[in-house]
Amino acid sequence: MKRSHRILCVDDEDFNLDLLEALLRPHGYETLTALNGREALAVLAEKPVDLVLLDINMPVMNGHELCKKIKSDPQLSHIPVIMITSLDSKENKMKGMEAGAEEFLSKPFDQAEMLLRVGNILRSAEYEGAFEYLILALARAAEANDIDTGNHIMRVGEYAGLMARELNQSEKFTELIRSQATLHDVGKVHIPSHILKKAGRLTPEEMEEMKKHTTFGAMIIGDHPHLEFGKRIALCHHERWDGTGYPNGLKGTEIPLEARITSICDCYDALRNSRVYKPNYDHDGAVGIITKGDDRMKPEHFDPEVMAAFIKLTPRFDELYRKMRDGDKS
Ligand SMILES: [Fe+2]
């Protein structure tokens, strides 16, 4: 049986928490409570939660800070947040939106309106969850034709999210790249496996065939507006800053930023994995090749700003690689 939705209510006043629980429980929601941001994070680390109802003014860690923390944590960012505030000021709302909150309710709230919003937001979060799941299922389907790449696609998504944040991109951009960079090689489903699994370097003809995984990827993803990001990444993740990449030889900022970011993440992870045609490198080895180059890779292949962010984040890349080396990311 499907478990009931679990809602975490965060407020520094017991009275308010009692009120929320009394309102939500009769409607089949399971409730958890926390008196401040720090307590809430401890609860979130312990149990899966479907929605957070958040007071703004709290000691220890206020609602805006907590919301920011939730939205910047890859394990938690999918959880919708509703902010409740007695101060119905524009400034508070703006701050909440900046922190990534999905909805706002002002105190004293209308009970019927609140239940309606909770129901709506949970429903749309479920659709979104199913959408994310399907993106990953599609990416995995393509990977099945490739050599065993373990968690490569998931790691590339996670590194790309880190990079987007370091490059001061919006939460929306960060979320999209984290989720859709996993689709970068989806076009490999069309590449014969004797090419994908070949030990040793590819012949020029085989290389031409291999290059088509970019255009096949874009074709498979198609034109749905919610997947534009993934489409651009699949098409352009082998373009190079100096114009020597494929399939279109784009140069510099002609290459979409999401593809420039994914490219360096993909290269780092590919270097760390051993494949039939090459040995693996340790962290320092992989970073050395990206930053100094070898017979195939050159630092000029990468956007200098993206490279600078990568250099800053290398310890985090290593951490993520180790954490997600095998099995699940949990
Ligand atoms: Fe690729």
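How many nonpolar, polar and charged residues does the lining of the largest cavity have? I took this as the opening query for the model, which is a predicted one.

**Entry 1: cavities.** I looked up the enclosed spaces and found that the structure holds 3 cavities of 30 Å³ or more. For the largest cavity I noted a volume of about 80 Å³. I then listed the lining, which comprises 11 residues. Closest to the centre of this cavity are Ala 142, Glu 143, Asp 146, Ile 153 and Asp 185.

**Entry 2: origin of the lining.** I asked which elements give two or more residues to the lining of the largest cavity. I recorded α5 (111-143) and α6 (152-166). The largest share comes from α5, with 3 residues.

**Entry 3: classes in the lining.** I returned to the opening query and sorted the lining of the largest cavity by class. I obtained 4 nonpolar, 3 polar and 4 charged residues.

**Entry 4: α1 against α5.** I next examined how helix α1 (residues 14-24) is placed relative to α5, the helix already noted for its share of the cavity lining. Their axes come within 11 Å and cross at roughly 70 degrees. I therefore entered α1 as roughly perpendicular to α5, since angles of 65 to 115 degrees count as such.

**Entry 5: residues at the contact.** Which residues of α1 meet α5? I listed Leu 20, Leu 23 and Leu 24 on the α1 side. Their counterparts in α5 are Gln 111, Met 114 and Leu 115. By class, I counted 5 nonpolar residues and 1 polar residue in this contact, and no charged ones.

Key. Residues numbered from 1 in each chain as written. Predicted model: local features only at pLDDT ≥ 70, side-chain atom pairs only at ≥ 80, totals over all residues. Heavy atoms only, no water. 1 Å grid on protein atoms, 1.4 Å probe; cavity = no way out; pocket = protein on both sides within 12 Å on 5 of 7 lines; lining within 4 Å. Points joined across faces, edges and corners; volume = space filled by probe spheres on them. Helix = DSSP H or I, 4+ residues; strand = E, 2+ residues; numbered from the N terminus. Nonpolar A, V, L, I, M, F, W, Y, C, P; charged D, E, K, R; others polar. Axes fitted to C-alpha atoms, helices over the stretch in contact; angles between N-to-C directions. Parallel < 35°, antiparallel > 145°, perpendicular 65-115°, else oblique. Contact = heavy atoms within 4.5 Å.
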